[in-house]
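Trainee: I have a structure open and would like to go through it with you. May I put some questions as they come up?
Mentor: Please do.

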Amino acid sequence: MKEKTELIIIGGFLGAGKTTTLEVLAQLFQSKGKTVGLITNDQARNLVDTQVLTAKSVEVREISGSCFCCDFDGLMEAALYLRETKTCEIVIAEPVGSCTDLSATLLQPVKAYYHRYFKLAPLSVLIDPLRLMEMFKQQDNRPEGSAYIYLKQLEEADHLVVNKVDTLSRNQEAELKSLLDTEFPDYPVHWISAIDGKGISSWLEQLSSDTGAGVRIAEVDYDKYARGEAMMGWLNASCIITHTEGLSLMWQELNLNFVWLLQQVFQRENIVIGHIKTFLKSGPSHLSCNLTHTEGRPRISGSPFSSRSSRFVLNIRAETSPETLKEIVNDLIYVYEERKLKFEIIELKNLSPGRPTPTHRFKDVINNGSY
Ligand SMILES: Nc1nc2c(ncn2[C@@H]2O[C@H](COP(=O)(O)OP(=O)(O)O)[C@@H](O)[C@H]2O)c(=O)[nH]1
Ligand SMILES: [Mg+2]
């Protein structure tokens, strides 16, 4: 049999920087001559992450309609496809940001059933420093809602990876270090910036020298977990935007303006944003915009372009009902239609994630030494 394929699972909450990190890792491995495949995941189709990564000429498979843990077979089918058909030597997978219990539902089953094909890397959980500081500030011993999911993600990690260090002052970094030392004393902690590449090589080196993958399983109360997920509304939409009088539009401005107007509504209505992501594409040109905190600043990437129409993909995750999300988006589309923009909706799906029912859920850590 050919050599094992390396399987790297990168967890972490919505907006922590998983997709950006996948992109950076893929480029890094490719520059070393490795063949890389990526797997994205969402509860519904039309995922901005998949669009962004596909635009970087990496092989990407998307599992949509269910999270990895509830469609373990789908995940492994994609991983095997990348290994066998696309001859990938490294496969990196990004689970849905509101999922937890990945050690019990993904890492242990991979070790138990797929150890002949995959060498599993330790579970890295990416951290957005701002969200972590908020969590420590609340000092809630029995967190509920998304805070519960966030805490469980950290607890089950093999490696904690604080991302976005470029946004931290020295004092903030020192403060977070001492909090992590106190709360997670036995965890390897890495400090990286996916944007400027800081800390990535040393994190990867330590990952490859660490032979323990899925070394702990967090105690997860599925009622609390389900309640946390059910508080989130999800909206994925794909449409074509055209100016009704055929004018050429500057999409970067429109994109920023659209996200900014959405943010105003969420702020006014006191709705917590998990993330808002957009992707615009016309011919080979594309742009994306991200907002990961209710009070944050929308961040554009890609190159500005102008054209008469563009494909537009929108993903929103926020703490409100899916119906409210749809109303907010429809109201905003109406505002733009008044400005002579036509939104031809190809698909729009709004939902609240259902109770997680994992394909497998191991109670104990598998230690077969073959990963
Ligand atoms: N400043 C900064 N921003 C980052 C970094 N990594 C990711 N981001 C931004 O964080 C936002 C969410 O990133 P994304 O990779 O989509 O997060 P995901 O939801 O975890 O996949 C985007 O606006 C990214 O540009 C980083 O190292 N530094
Ligand atoms: Mg992502």
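Trainee: In which strand is Leu291 found?
Mentor: Leu291 is found in strand β12, residues 285–291. Please keep in mind that this is a predicted model.

Trainee: Is Leu291 buried or exposed?
Mentor: Leu291 counts as buried, because it has 24 C-beta neighbours inside 10 Å, and 20 or more other C-beta atoms within that distance are required for the term.

Trainee: Which residues is Leu291 in contact with, leaving aside neighbours within four places in sequence?
Mentor: Its contacts beyond that range are Val259, Gln263, Ile273, His275, Ile276, Gly296 and Pro298.

Trainee: And how far apart are Leu291 and Val60 in space?
Mentor: Their C-alpha atoms are 23 Å apart, with their positions 231 residues apart in sequence.

Trainee: What is the strand order of the sheet that holds β12?
Mentor: The order is β13-β12-β11-β15-β9-β16, in an open sheet of 6 strands with antiparallel pairing. The edges are β13 (299–302) and β16 (341–351); each has a single partner strand, so one side of each is left without a neighbour in the sheet. On average, neighbouring strands are turned by 15° against each other, direction ignored.

Trainee: Which helix packs on the sheet?
Mentor: Helix α11, residues 322–338, packs on it and touches β9, β15 and β16. The direction of α11 makes about 175° with that of β16.

Trainee: How many bridges pair β9 with β15?
Mentor: Strand β9 (residues 233–243) and strand β15 (residues 309–318) pair over 10 bridges in the antiparallel sense. As one example, Leu235 has Ile316 in β15 as its bridge partner.

Trainee: What about the loop between α11 and β16: which residue there has a positive phi?
Mentor: That is Lys340, which is placed in the loop between α11 and β16. Its phi is near 70°, a positive value in a residue other than glycine. Most residues other than glycine have a negative phi. Lys340 counts as exposed, because it has 11 C-beta neighbours inside 10 Å.

Trainee: Where does Ser57 lie, and what is its phi?
Mentor: Ser57 lies in the loop between α2 and β3 (59–64). It has a positive phi of about 50° although it is not a glycine. With 9 other C-beta atoms within 10 Å, Ser57 is exposed.

Trainee: Changing topic, what does the domain assignment give?
Mentor: It gives domain 1 (5–227) and domain 2 (232–351). The centres of domain 1 and domain 2, taken over C-alpha atoms, are separated by 26 Å. The contact takes 15 residues from domain 1 and 21 residues from domain 2.

Trainee: Which element gives the largest share of the domain 1 side of that contact?
Mentor: Helix α2 (residues 48–54) does, with 3 residues. The residues on this side of domain 1 divide into 7 nonpolar, 6 polar and 2 charged.

Trainee: Why does ligand 1 lie between the domains?
Mentor: Domain 1 (5–227) and domain 2 (232–351) both give residues to the shell around ligand 1, so the ligand lies between them. There are 21 residues around ligand 1, of which Gly17, Lys18, Thr19, Thr20 and Asn290 come nearest.

Trainee: How do the residues of that shell divide?
Mentor: The shell around ligand 1 has 4 nonpolar, 12 polar and 5 charged residues. Its largest share, 3 residues, comes from helix α1 (residues 18–31).

Trainee: Which residues of helix α6 are buried?
Mentor: In helix α6, residues 145–155, the buried residues are Ser146, Tyr148, Ile149, Tyr150, Lys152, Gln153 and Leu154. They pack against β1 (5–12), β6 (124–127), α5 (129–138), β7 (159–162) and α9 (222–230).

Trainee: Which way do the residues of β7 point?
Mentor: His159 and Val161 point one way from β7, Leu160 and Val162 point the other way, and all are buried.

Trainee: How many bridges join β6 to β7?
Mentor: These two strands run parallel and are joined by 4 bridges; Ile127 has Val162 in β7 as its bridge partner. β7 also pairs with strand β8 (residues 189–191), in the parallel sense over 3 bridges. There, Leu160 has Val189 in β8 as its bridge partner.

Methods. Residues are numbered from 1 along each chain as its sequence is written. Chains are lettered from A and ligands numbered from 1 in the order in which they are written. This is a predicted model: local features need pLDDT of at least 70, side-chain atom pairs count only at pLDDT 80 or more; totals for chains, interfaces and linings use all residues. Domain bounds come from an automatic or database domain assignment. Two residues are in contact if their C-beta atoms, placed from the backbone, lie within 7 Å. Ala, Val, Leu, Ile, Met, Phe, Trp, Tyr, Cys and Pro count as nonpolar, Asp, Glu, Lys and Arg as charged, and the others, Gly among them, as polar. A residue is near a molecule or strand if its C-beta atom, placed from the backbone, lies within 6 Å of it. Two strands pair if DSSP finds at least two bridges between them. Axes are lines fitted to C-alpha atoms, for helices over the stretch in contact, and angles run from 0 to 180 degrees between N-to-C directions. A residue is buried if 20 or more other C-beta atoms lie within 10 Å of its own, exposed if 12 or fewer, and partly exposed in between; C-beta atoms are placed from the backbone.
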